[in-house]
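Trainee: I am new to this model. Please pick one part and take me through it closely, along with whatever packs around it.

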Amino acid sequence: MLSSHALRVLLTAQTAMATRLFFSSYAEGSGSNKFLEIFNPTDAPIPLAGYALPRATNGGSGVHDNWAGFASGAVVLPGGVYIVCHPSSHESITDICDEQRDTLSNGDDGHCLAFGTEDSHSIVDCVGDFNEDPGRG
């Protein structure tokens, strides 16, 4: 049986993991049919103020070359998703997208979800490769 202190530590760790946003889906289809989907696993809305989507183009040696915050008032609803898509995506994508950006991947870019400022932030989740150009692989 766990001590009350050990149980508090375990519950705190579980709560911290449950409050973390993450990429639940990413797609790059033909042409500009691209999107990133951010999932909120909690039972409370999470405002995206203070979050950003840094990108490393063609691999970035671990450093982003583009930093972009979210639209003013952007929120991920409880148990919901926030979808960022390319504005030239098929209407089946743009119809469900929350925000449009023409800076989504060309296939060998890395995208991260970060919290903080461009100069001082923590990485929440990533898709793609921020460390090197994956080439044709």
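Mentor: What follows is a close look at one sheet, one residue in it and the packing around them. This is a predicted model, where local features need pLDDT of at least 70 and side-chain atom pairs count only at pLDDT 80 or more, while totals for chains, interfaces and linings use all residues. Residues are numbered from 1 along each chain as its sequence is written, and side-chain values use heavy atoms, with hydrogens and water left out.

Start with the sheet. It is open, has four strands in the order β1-β2-β7-β8, and its pairing is mixed. The edges are β1 (22-28) and β8 (99-100); each has a single partner strand, so one side of each has no neighbour in the sheet. Strands here are DSSP E runs of at least two residues, numbered from the N terminus. Two of them pair if DSSP finds at least two bridges between them.

Now go through the pairs. β1 runs antiparallel to β2 (residues 34-39), with six bridges. Y26 sits opposite L36 of β2. The β1-β2 hairpin has five residues between its strands, and there G31 takes a positive phi near 60°. On β7 (residues 81-85), the pairing with β8 is parallel, over two bridges. There V84 has E99 of β8 as its bridge partner.

Next, zoom in on Y82. This residue belongs to β7. Y82 counts as buried because its relative accessibility is 5%; buried means under 20% relative accessible area, exposed over 50%, and partly exposed in between, using a 1.4 Å probe and protein chains only. Y82 has contacts with residues including L36, I38, L48, F70, V76 and E99, leaving aside those up to four places away in sequence. A contact means heavy atoms within 4.5 Å. C97 is 15 residues from Y82 in sequence, yet their C-alpha atoms are 7.4 Å apart.

Finally, look at the cores. A nonpolar core is a set of buried Ala, Val, Leu, Ile, Met, Phe, Trp, Tyr and Cys residues joined through side-chain atoms within 4.5 Å. The largest has 17 residues, and L21, L48, Y51, F70 and L113 have the most contacts inside it. β2, β7 and β10 (121-127) each give this core at least two residues. L21 touches I38, L48, Y51, L113 and V124, among others, again not counting residues up to four places away in sequence. Apart from this core lies another, of five residues, including F35, I83, C85 and I93.
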